[in-house]
Amino acid sequence: MIIRQAKRSDIENIASVQVRSWNTTYRGLLPDEIIDARTVESRIENMSTHWKGFEGDLVSRIVLVAENDTKDILGFAAGGDIFHSGYSYDSEGYAFYVLEEYQQQGIGTLLMDELVTFLVSMNFKSMIIWVLEENPACEFYVKLGGIEKERKIDKYGEKEFLLIGYVWEDIRKLKKTIQKIYS
Ligand SMILES: CC(C)(COP(=O)(O)OP(=O)(O)OC[C@H]1O[C@@H](n2cnc3c(N)ncnc32)[C@H](O)[C@@H]1OP(=O)(O)O)[C@@H](O)C(=O)NCCC(=O)NCCS
C-alpha cells in the first residue's frame, strides 16, 4: 500500500471511491435523494472545478490516495487550510474515505499520518474535522485523539443534521499518537 498525492488524472477513480463509500456509509442516515444525486459524474465535475491540492497545484491543500500494488485506489483523504470559517483552528480535514471492504485495516490511519505530515510541513498548528453525529466513523477520530469541541447544524435538503467538530489543538501530538500506534 502506498499513500501518495493525487494527480488530476486520479479524479475519476477518487470520485468512484467517494460515491461507493457514500452509499455504504450514509444510506439510511441521509435521505436517499441526497445520496442518489451524488453520481460519479457529478463528483468528477465538482472535484475538477473546486478541489485543490492535486500534484502541481501550488496551494496549502492536499489530496492523498491510498493505492495498492495493482494501482487500485482504495481510499483517499483531503485537507488543508480551514475551509469553514469562524473557528480558531487553522487547518481542516475535508474528506476521509476508504472503500468498505478495506476499512479497519489501517488505511485511514496511514492517510491521516500523511495528511498531518503535510499540515505540519505547512506550519499549521491545529485541525478540525466535521462528522455527521450518527456516523460510526466518529470512533476513528476519537481513537486518534480528536476531542469533540464544536457542533453545528447542516441542512441536507429539507432535513437538519447535527455535525460534530473533532479538534486537535496540536497536530504534532496527533503525529505522536500515530507513531505510538505503529510502534
Ligand atoms: C473513517 C474511515 C476513513 C477510517 O478508515 P479505516 O481505514 O477504516 O481506519 P483504520 O483501519 O485506520 O482505523 C483506526 C481505528 O479506528 C477504528 N475505526 C475506523 N473506522 C471505524 C468505524 N467506522 N467504526 C468504529 N471504529 C472505527 C478502527 O477500529 C481502528 O481502531 P483499532 O486500531 O482499535 O481497531 C473509514 O472507516 C471510512 O471510509 N468510513 C466511511 C466514510 C466516512 O464516514 N468517512 C468519514 C467522513 S467524516
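## Lys71 and Gln104: positive phi in loops

Lys71 is exposed in this predicted model, with a relative accessible area of 60%, and its place is the loop that runs between strand E2 (61-67) and strand E3 (73-81). The phi angle of Lys71 lies near 65 degrees, a positive value in a residue other than glycine. Most residues other than glycine have a negative phi.

Gln104 is a further case, since it is not a glycine and yet has a positive phi of about 60 degrees. This residue belongs to the loop between E4 and H4, and with a relative accessible area of 83%, which is over the 50% cut-off, Gln104 counts as exposed.

## The sheet

Seven strands form an open sheet with mixed pairing, in the order E1-E2-E3-E4-E5-E7-E6. Strand E1 (2-5) and strand E6 (147-156) occupy the edges, and because each has a single partner strand, one side of each is left without a neighbour in the sheet. From one strand to the next, the twist averages 25 degrees.

Within this order, strand E4 (residues 91-98) and strand E5 (residues 127-132) pair in the parallel sense over three bridges, and Gly93 has Ile129 in E5 as its bridge partner.

## Helix H1

Helix H1 (residues 11-26) has 16 residues, which at 1.5 Å a residue should span 22 Å, and the 21 Å between its end C-alpha atoms agrees with that expectation. The buried residues of H1 include Ile11, Ile14, Val17, Trp22 and Tyr26, together with the polar-named Gln18 and Ser21. Just after H1, Gly28 takes a positive phi of about 100 degrees.

## Helix H4 and its contact with H6

Helix H4 (residues 107-121) contains 15 residues and reaches 21 Å from its first C-alpha to its last, close to the 21 Å expected at 1.5 Å a residue. Among the buried residues of H4 are Ile107, Leu111, Met112, Asp113, Val116, Phe118 and Leu119. Just after H4, Asn123 takes a positive phi of about 75 degrees.

The axes of H4 and helix H6 (residues 171-182) come within 10 Å and cross at roughly 145 degrees, and the crossing is left-handed. On the H4 side the contact involves Thr109, Leu110, Met112, Asp113, Val116, Thr117, Leu119 and Val120, which meet Ile171, Arg172, Leu174, Lys175, Ile178, Ile181 and Tyr182 in H6. Sorted by class, the contact of H4 with H6 has ten nonpolar, two polar and three charged residues. Met112, Asp113, Val116 and Leu119 take part in this contact and are also listed as buried in H4.

Terms used. Residues numbered from 1 in each chain as written. Predicted model: local features only at pLDDT ≥ 70, side-chain atom pairs only at ≥ 80, totals over all residues. Heavy atoms only, no water. Pairing = 2+ DSSP bridges. Helix = DSSP H or I, 4+ residues; strand = E, 2+ residues; numbered from the N terminus. Axes fitted to C-alpha atoms, helices over the stretch in contact; angles between N-to-C directions. Expected span 1.5 Å × (residues − 1). Buried < 20%, exposed > 50% of the residue type's maximum accessible area, 1.4 Å probe, protein only. Left-handed = near helix turned anticlockwise from the far one by under 90°. Contact = heavy atoms within 4.5 Å.
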